[in-house]
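Trainee: I have the sequence and the coordinates open side by side. Could you walk me through the fold, one question at a time?

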Amino acid sequence: MPTAMRSAGFRFFFYSNEGDEPPHIHVERQGSTAKFWLAPVESARSTGMSDVDMRRAHRLVMTNQEYLREVWHEFFGS
């Protein structure tokens with residue numbers, strides 16, 4: 001599970017076997033997780049993440065969208 005970045009207590013990562021899906025990022029904080037599509041940025045799912053943390057995570061994904069997409073494409077070679 002390569003970590004793309006850490007910010008504000010969140011870890012942003014992807015699974016190395018998910019290259020067949022559109023670019024997305026998983027977000028983890030204190031045992032809860034979420035998944036966001038990167039183009040356009042939207043929530044795909046959430047498990048145990050509070051609404052407040054979802055909004056924070058969404059904002060961080062939006063702010064870092066270009067970087068996260070670059071990391072995705074660099075890792076998966078697409």
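Trainee: In what order do the five strands of the sheet stand, and what is their pairing?
Mentor: Keep in mind that this is a predicted model. Its five strands form an open sheet, and the pairing is antiparallel. The order is 1-2-3-4-5.

Trainee: Which strands stand at the edges of the sheet?
Mentor: Look for strands with a single partner strand, so that one side of each is left without a neighbour in the sheet. Those are strand 1 and strand 5.

Trainee: And what is the average twist from one strand to the next?
Mentor: The sheet is not flat in your viewer, as the turn between successive strands shows. The twist averages 20 degrees.

Trainee: Which strands does helix 1 touch, and what angle does its direction make with that of strand 2?
Mentor: Helix 1 packs on the sheet, with contacts to strand 1, strand 2, strand 3, strand 4 and strand 5. Its direction and that of strand 2 make an angle of about 50 degrees.

Trainee: How many bridges join strand 1 to strand 2, and which residue stands opposite M5?
Mentor: Strand 1 and strand 2 run antiparallel and are joined by four bridges. They form a hairpin with two residues between them. Opposite M5, in strand 2, stands F12.

Trainee: What is the bridge partner of F12 in strand 3?
Mentor: Strand 2 also pairs with strand 3, in the antiparallel sense and over three bridges. One of the facing pairs there is F13 with H26. For F12, the partner in strand 3 is V27.

Trainee: Which residues of strand 2 are buried on its two faces?
Mentor: In a regular strand the side chains alternate between the two faces of the sheet. Both faces of strand 2 are covered. One side has F10 and F12, and the other has R11 and F13.

Trainee: Is A8 buried or exposed, and what is its phi?
Mentor: A8 lies in the loop between strand 1 and strand 2. With a relative accessible area of 57%, A8 is exposed. Although A8 is not a glycine, its phi is positive, about 50 degrees.

Trainee: Where does Q30 lie, and is it buried or exposed?
Mentor: Q30 also has a positive phi of about 50 degrees without being a glycine. Its place is the loop between strand 3 and strand 4. The relative accessibility of Q30 is 72%, and the cut-off is over 50%, so Q30 counts as exposed.

Trainee: Which residues does S32 contact, and what does its side chain reach?
Mentor: S32 sits in strand 4 and counts as buried at 7% relative accessibility. Beyond its neighbours within four places in sequence, S32 is in contact with V27, T47, G48 and M49. At 2.7 Å, its side chain reaches the backbone oxygen of R29.

Trainee: Which peptide bond is cis, with omega near -5 degrees?
Mentor: Go to the loop between strand 4 and strand 5, where you will find P40. The bond is the one from A39 to P40.

Trainee: How far apart in space are N64 and L38?
Mentor: N64 is in the loop between helix 1 and helix 2, and counts as partly exposed at 22% relative accessibility. In sequence, N64 and L38 are 26 residues apart. From C-alpha to C-alpha, the distance is 9.8 Å.

Trainee: What span should helix 2 have, and how far apart are its end C-alpha atoms?
Mentor: Helix 2 has 12 residues, 65-76, and at 1.5 Å a residue it should span 16 Å. The computed separation of its end C-alpha atoms agrees: 16 Å.

Trainee: Which residues of helix 2 are buried, and within what arc do they fall?
Mentor: The buried ones are L68, V71 and W72. They line one face of the helix, because down its axis they fall within an arc of 100 degrees.

Trainee: What is on the face of helix 2 turned away from its buried side?
Mentor: On the buried side, the cover includes strand 1, strand 2, strand 3, strand 4 and helix 1. The face turned away carries the exposed residues E66 and E74.

Trainee: Last one: which residue follows helix 2, and what is its phi?
Mentor: Helix 2 lies across strand 1, strand 2, strand 3, strand 4 and strand 5, at about 155 degrees to strand 1. After helix 2 comes G77, with a positive phi near 65 degrees.

Terms used
Residues are numbered from 1 along each chain as its sequence is written. This is a predicted model: local features need pLDDT of at least 70, side-chain atom pairs count only at pLDDT 80 or more; totals for chains, interfaces and linings use all residues. Side-chain values use heavy atoms; hydrogens and water are left out. The expected span of a helix is 1.5 Å times one less than its number of residues. Buried means under 20% relative accessible area, exposed over 50%, partly exposed in between (1.4 Å probe, protein chains only). The arc is that of the directions from the helix axis to the C-beta atoms. Contact means heavy atoms within 4.5 Å. Two strands pair if DSSP finds at least two bridges between them. Axes are lines fitted to C-alpha atoms, for helices over the stretch in contact, and angles run from 0 to 180 degrees between N-to-C directions. A polar contact is a pair of N or O atoms within 3.5 Å; within protein, one must be able to donate a hydrogen and the other to accept it, and residues adjacent in sequence count only if both atoms are side-chain atoms.
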